Amino acid sequence: MRKIRIYNTAEELNISFTGWLTDILAEKELATIALSGGSTPRLLFDYWARLPEGAIDWTKVKFFWGDERCVPHTDVESNYGMTKEHLFNFIHLADKNIFPVQGDNDPEAEAKRYGELLNRELESKNGIPVFDIMMLGMGDDGHTASIFPHEMKLWYSDENCVAATHPVSGQKRISLTGKVINASSNIAFLITGENKAQKVKEIIEQSENAEDKYPAALVQPDSGNLFWFLDNKAAARLTKGE
Ligand code: 6PG
């Protein structure tokens, strides 16, 4: 299966990613997914919200987050709040299958709590919780989840989750660490926009120092199942034939 997929529009990307997701769901009784935040997933959630009832069997999904801003769920910055507003309000879901990060908790305490929750709720391999599906975005600076370039050491933490800090706003975040991200059975990057094109190129073409500079370059799942869903703007600088 092609690992790098390029689309002309976000709609085409969303349709293809949804097919990739439902193929995985078809193989499982119950699947665990870690959602990402940002504008790219927001368009995907709007697409899912408009699908006919039953197009995706959400009863087979347990929802978690790969990262969350340390704000109340009602805050416009909340990834959970965005997911609720753009998706959960439109589909039938059991609350027992939704595991939000508590953004209004003390960050260090919440990182510990969520990390322990993952150990309880997910299957594990070598003592590491394993997500069936890990959705990731990439920031303009090459961050992924909420591991930012100025805090690369957090990627290598022995913990499941860490408290991170946005480099510009100083906003505290909760993020999964590289240990958990790379243990995932399937990882999908959803990346759109020309402002991502240079880093997409450097990471996919494994340019020198990419792994020293960009957390997104460190996403290398043990399973090998890393898929890139890109629009043509984000893919514009890839050497043809990728
Ligand atoms: C977040 C995300 C973050 C996001 C990237 C890309 O909480 O902001 O998890 O890692 O995926 O910043 O965001 P866009 O999709 O908006 O480009």
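This passage describes the sheets, helices, ligand surroundings and cysteines of a predicted model.

An open sheet is built from six strands. Their order is E1-E11-E10-E7-E2-E3, and the pairing is parallel. Strand E1 (4-7) and strand E3 (61-65) form the edges, and each of them pairs on one side only. On average, neighbouring strands of this sheet are turned by 20° against each other, direction ignored. Helix H2, residues 39-50, packs on the sheet. Helix H2 touches strand E2 (31-35), strand E7 (133-136) and strand E10 (186-191). The direction of H2 makes about 120° with that of E7.

At one edge of the six-stranded sheet, E1 runs parallel to strand E11, residues 226-231. Four bridges join E1 to E11. Tyr 7 has its bridge partner in E11, namely Asp 231.

Another open sheet has three strands. Here the order is E4-E9-E8, and the pairing is antiparallel. The edge strands are E4 (67-69) and E8, each pairing on one side only. From one strand to the next, the twist averages 20°. Five bridges link E8 with strand E9, residues 172-176, in the antiparallel sense. Within this pair, Thr 165 stands opposite Lys 172 in E9. Helix H4 (residues 107-121) packs on the three-stranded sheet. Helix H4 touches both E8 and E9, and its direction makes about 150° with that of E8.

Helix H6 spans residues 197-204. Its buried residues are Ala 197, Val 200, Glu 202, Ile 203 and Ile 204. These buried residues pack against E1, E10, E11 and helix H7 (210-213). H6 thus has contacts with strands of the six-stranded sheet. After H6 comes Gln 206, with a positive phi near 50°. Asn 209 lies in the loop between H6 and H7. Asn 209 is not a glycine, yet its phi is positive, about 70°. This residue is partly exposed, with a relative accessible area of 42%.

A ligand has 16 residues around it. Ser 39, Asp 67, Arg 69, Ala 145 and Lys 196 come nearest. Several polar atoms lie beside ligand oxygens. A polar side-chain atom of Arg 69 is 2.7 Å from an oxygen atom of the ligand. For Thr 40, an N or O atom in the side chain is 2.7 Å from a ligand oxygen. Gly 37 contributes a polar backbone atom, 3.3 Å from an oxygen atom of the ligand.

Ala 145, one of the residues that come nearest to the ligand, also has a notable backbone angle. Its phi is positive, about 50°, although Ala 145 is not a glycine. The residue sits in the loop between E7 and strand E8 (161-165). Ala 145 is buried, with a relative accessible area of 9%.

The cysteines complete the description. A disulfide is a covalent bond between the sulfur atoms of two cysteines. How many disulfides does the structure hold? The count is zero. The sulfur of Cys 70 has its closest cysteine sulfur in Cys 161, 11 Å away, which is too far for a bond. A disulfide requires two cysteine sulfur atoms within 2.5 Å. For Cys 161 the closest cysteine sulfur is in turn that of Cys 70, so the 11 Å between them is too far for a bond. Cys 161 is buried or exposed? Cys 161 is buried, with a relative accessible area of 4%.

Technical notes. Residues are numbered from 1 along each chain as its sequence is written. This is a predicted model: local features need pLDDT of at least 70, side-chain atom pairs count only at pLDDT 80 or more; totals for chains, interfaces and linings use all residues. Side-chain values use heavy atoms; hydrogens and water are left out. Two strands pair if DSSP finds at least two bridges between them. Helices (H or I, at least four residues) and strands (E, at least two) are DSSP runs, numbered from the N terminus. Axes are lines fitted to C-alpha atoms, for helices over the stretch in contact, and angles run from 0 to 180 degrees between N-to-C directions. Contact means heavy atoms within 4.5 Å. Buried means under 20% relative accessible area, exposed over 50%, partly exposed in between (1.4 Å probe, protein chains only). A residue is near a molecule or strand if one of its heavy atoms lies within 4 Å of it. A polar contact is a pair of N or O atoms within 3.5 Å; within protein, one must be able to donate a hydrogen and the other to accept it, and residues adjacent in sequence count only if both atoms are side-chain atoms.
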